[in-house]
Structures are given as structure tokens and as C-alpha cells.
Amino acid sequence: MTAVNGRVAAAERGETRIADRVVAKIAAQAAKEAVGEPPAEGSSPRATVTVHRDTARVRVSLELRYPSDVGRQCGAVRRRVAQRVKTLAGMEVPEVAVQVERLHPAGAGAQGRIR
């Protein structure tokens, strides 16, 4: 052990581990921030992660309004999730897979149905 001013050096004190479920909550919240509130009948984004050391691979499932630019929204989710996980958990995020579970039409009733 190396002591600095009578204390244990920071590198030798131990390690911090962040549970997968915590990283998943960060990712789900970041996805919600990227796309806004879910559609009226939709659910909030959900995320699952696989963490290996200081790297997290993320899968986000979400529901979007229709019509919308799905590609642009998925890109925004990828960027926001990677940035927030890196900032808050200190993990690299080489992969964010976005799965659109459902599209919700903007109008209600027969006029808003997708045919």
C-alpha cells in the first residue's frame, strides 16, 4: 500500500461497481428525454444493458407517435443514451440498439387508424 500524507492512495482504495439495473434506468430516462413524453396510450421507454467492466451495451425499446421521422428520433435516442451513460456512470457505450415496439397515430378514432 502506498500512503500519501498518511492516507491510502485513491487507486488502492477499491473499486466502484454500478449495477446493470442502474445503468438501464439511466438509459431509459435518457431515451425519454430524447423523444419526450410517450404517446397518450403508450408506455415509457424501457432499457436493458449488458455491462462488462467499464463498457455498457444498451438495448432500448420504445413507442413513438405516428407520423414522425423514426430514423431521426432513433438517432437522437442513441446519442442521448450514450452521452448520459458516459456522463453519469462513466462507461463507454459502443452500441445502443433501438427497437420501436409500436407507432401511435396522432388522431383518434377511425381517422387516425393506420391502414
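Biologist: In what order do the elements of the protein chain run from the N terminus on?
Modeller: The model is predicted: local features need pLDDT of at least 70, side-chain atom pairs count only at pLDDT 80 or more, and totals for chains, interfaces and linings use all residues. Numbering starts from 1 along each chain as its sequence is written, and side-chain values use heavy atoms, without hydrogens or water. The protein chain has two helices and five strands, taken as DSSP runs numbered from the N terminus (helices H or I, at least four residues; strands E, at least two). Their order is β-β-α-β-β-α-β.

Biologist: Which residue in β4 stands opposite T48?
Modeller: Strand β3 covers residues 46–52 and runs antiparallel to β4. Seven bridges join the two; pairing requires at least two bridges by DSSP. Opposite T48 in β4 is R59.

Biologist: Which residue takes a positive phi in the hairpin of β3 and β4?
Modeller: That hairpin leaves two residues between the strands. The phi value lies near 60 degrees. The residue is R53.

Biologist: Is the crossover from β4 to β5 right-handed or left-handed?
Modeller: Strand β4 (residues 55–66) pairs with β5 (residues 92–105) in the parallel sense, over 11 bridges. T55 stands opposite E92 in β5. Between them the chain passes through helix α2, residues 70–89. With the strands pointing away from the viewer, a clockwise path from the first strand over the helix to the second sets the hand, and this β-α-β crossover is right-handed.

Biologist: Why does L103 count as buried, partly exposed or exposed?
Modeller: L103 lies in strand β5. Buried means under 20% relative accessible area, exposed over 50%, and partly exposed in between (1.4 Å probe, protein chains only). L103 is partly exposed because its relative accessible area is 32%.

Biologist: What share of the residues of the protein chain counts as buried?
Modeller: The accessible surface comes to about 7,900 Å², by the Shrake-Rupley method with a 1.4 Å probe. Carbon and sulfur atoms hold 47% of that surface. The protein chain has 115 residues. The buried share is 31%.

Biologist: What share of the contacts with a separation of 6 or more joins residues 24 or more positions apart?
Modeller: A contact means heavy atoms within 4.5 Å. For the protein chain, the share is 65%.
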